[in-house]
Amino acid sequence: MTSLRQRKGSKGKEPSQGAEFQSHQFNCCTDHHPEKILHGDWSWGAIIWTSIGWSVAVGLGLLCCIYVATLHENDLWFSNIKEVEREISFRTECGLYYSYYKQMLQAPSIQEGLSELIHDNLTESKRTINLLQRMNIYQEVFLSVLYRLLPIQSYLEPVYFYIYTVFSLQAVYVIALYLTAWLLSGSWLAGMLTGVWYILNRVDTTRVEFTISLRENWSMPFLALQVTAITCYLRPQLTALQQVMVWLMYVTTFCFCLTWQFNQFILLLQSLIIYTMDCADFLTTTQVTTLYLVQVSGLLSVWLLQFCNSMILGSLVLSFIVAALFIRHCQSGLKTGNLLVRLSKVLLHSAMVLLLTFTINYLAKKALQLRSDEHIFKFIKSKFALGSTRDFDASLYLCEEAFGPLPLDTLERLAGTLLLYPYILTLLLLCGFLAMAALQNLSRPKGAGDGRALAFRPDVAYNLLHTLFYGLLAFSTMRMKYIWTGHMCAIAAYGVCGTELWTLLLNTLRCNSKVLLRIVRYGVPLVMFGWLYYKFWPKLMEELSELREFYDPDTVELMTWISTKTPKQAVFAGSMQLLAGIKLCTGRVLTNHPHYEDKDLRERTRQVYQVYARRSPEEVHDILRSAGADYVVLENSICYERRHRRGCRLRDLLDLANGHIMDGPGDNNPDLIPSAHQRFCEAIKTDTAAYSALFTRTFQNKTFYVYRLKKKRKKSAKSPSEPNVTQ
């Protein structure tokens, strides 16, 4: 085992609390580690204790899986509703992704199914796109192939095979968090506490039970596994397993990137963590290079599988890694000099890396003519008041609560399960010692021994920076809290079951001893388990006993009508969310859909949404015809929306983008003008001659109105290209 070296001249002196803390980081956390047997300790005690730890991990994972599956069943009565109702329950983009799983299963063969996805002309009318290149749907392809090959068709329906797979990944997620906490603390009680906290804070740790097909529900378990592999790789006791860990890091990074289109932004934060640790001298050159190359190889592997998707090559994370490695190679004297010199060099080094990153990224996007991720950077600029707030794409994100800052009631819920308090204490303590260790590393001249690597455990440093960086991301954008809260459980459990907090406390009280430390480390978690059981077990049982049923008769009626009364090749226009359901339930062709990572699609969506703006019937007809639409579906919930405040309703965003004054009382910018036309979605219901000459109402209920587009008697003199909207 590696231990801290005693500094010269310190013989006979009593170690400070900081030094004793750092020593405990290496020597007091190895009693029950999951890798203990791999070091040759085959004693019965080690085997039994490790086996119990692994059994508890698997048990908690299965418990979480069964828990979310039961909630899903109880909320929808999924086993008893009709097939169309099951499909409608896959809301918004979830329905779009699931439709490709259904499409692959309905194909005559696997080869034909793949060919249909590669040459798809149903998802976007008048266009043929490669879905495997555009979207992250390899998981749907893999599951459909697996379902065809396994002898389970007679007793397991395709939809259950799909949802059970996603719920099973939750078990993997919990096990990965459990192992991370176990590795950090040296006690599987920390892993157990992590799993219990994850389940009790389900509202803030996952939303898988009602958004099954979301890409994050596929990718997050692999990210958690990758963090576990990195933690294991950075443990100084596991040099013999490092090669295995490198391959495990690559596989998990690859799976994470393959299953979520936002992988590049998550990996960018991770690369910044690696960069920070490198600058503070917590990692060796080999470790830094390895971690960077694992990210690059994972991204490039996905780039190949996605038919050379240019969005990956033009990603900021690739540009950053190339810049960081290049500047690091060129600046050989970066880690020499005293503290002030080192700090100056780090600042200069960082400025050069950032400058080179943006230069490489700019040139790459110019060369690739890449504009697919423009909307994300527009959103970031608008969110932090760095750009126009009238941009339609950015406003769509900014006006959704999920993309706003983290609400304070989230912290109240986390405090209610005793998660927040040990997390904050652990965070403050570790941040203080991390800063001290970083200054110590930067103050030590080059060649002053290898005490550098021992001042602060690199696996603890990585996980600390991980929770800090992703915590900041969660506070800025609520939707990203699910990346943070799961790992937060592991850090808090490490604080409760590790030695650091208790060593500092007992030293302060001048009553530290190995026996007392063990009593506190194992006694406090057991007391917490008892309190959590007393407070939350009745609530969990009550939650599991609540039975609801899916009920959406208007949407069921719409989907049934489309399936039975319209041609199979009919093209439908409407909101992105509804059209995803139409594709899944009816298989009809769409004009637009919720997968927003394409500039042409974003422009078409903005054009199709003019049905909710103040536009003339002729203009709307031309727009819809240019997109190839045969039918348009109007939703009262959008036309008369009240969910969002004024300025954030879809009709308001369209009015602003078109330069028109918004509806209702309130201020308007002086450059906005009144529109000469009525709002289309309202005016068309009057059936006046101007509208009935171009549109025929074919279906209506309390929620939806469907109109069929008529052909104009005289050909329009306008260009067949999609008309532009006044900015």
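1. In this predicted model, the second largest cavity is lined by Gln170, Tyr173, Thr205, Thr206, Glu216, Asn217, Met220 and Tyr482. The space inside the second largest cavity comes to about 50 Å³.

2. Which helices each supply at least two residues of that lining? They are H8 and H11. H11 provides the largest share of the lining of the second largest cavity, namely three residues.

3. By class, the lining of the second largest cavity consists of three nonpolar, four polar and one charged residues. Glu216 is one of the residues in this lining, and Glu is counted as charged.

4. The largest cavity holds about 80 Å³ of space. Its lining is made up of Tyr173, Leu177, Thr180, Met220, Leu223, Ala224, Val227, His466, Ile483 and His487. Tyr173 and Met220 are listed for the largest cavity and also appear in the lining of the second largest cavity.

5. Three elements give two or more residues to the lining of the largest cavity: helix H8 (158–185), helix H11 (215–233) and helix H23 (481–497). Which of them gives the most? H11 does, with four residues.

6. The lining of the largest cavity divides into seven nonpolar, three polar and no charged residues. For the second largest cavity, the corresponding division is three nonpolar, four polar and one charged. A reader setting up probes in either site should have both lists of residues at hand: His466 and His487 are among those lining the largest cavity, while Gln170 and Asn217 are among those lining the second largest.7. How many cavities of 30 Å³ or more are there? The count comes to five.

8. Elsewhere, helix H4 (residues 92–106) and helix H27 (residues 576–586) have axes that come within 7 Å and cross at roughly 20°. H4 is therefore roughly parallel to H27, since angles under 35 degrees count as roughly parallel. The crossing in which H4 passes H27 is left-handed.

9. On the H4 side, the contact is formed by Thr92, Gly95, Leu96, Tyr98, Ser99, Tyr100, Lys102 and Gln103, which meet Gln577, Ala580, Lys583, Leu584 and Cys585 in H27. The residues of this contact of H4 with H27 comprise six nonpolar, five polar and two charged. Lys102 in H4 and Lys583 in H27 are among the residues listed, and Lys is counted as charged.

Technical notes:
Residues numbered from 1 in each chain as written. Predicted model: local features only at pLDDT ≥ 70, side-chain atom pairs only at ≥ 80, totals over all residues. Heavy atoms only, no water. Axes fitted to C-alpha atoms, helices over the stretch in contact; angles between N-to-C directions. Parallel < 35°, antiparallel > 145°, perpendicular 65-115°, else oblique. Left-handed = near helix turned anticlockwise from the far one by under 90°. Contact = heavy atoms within 4.5 Å. 1 Å grid on protein atoms, 1.4 Å probe; cavity = no way out; pocket = protein on both sides within 12 Å on 5 of 7 lines; lining within 4 Å. Points joined across faces, edges and corners; volume = space filled by probe spheres on them.
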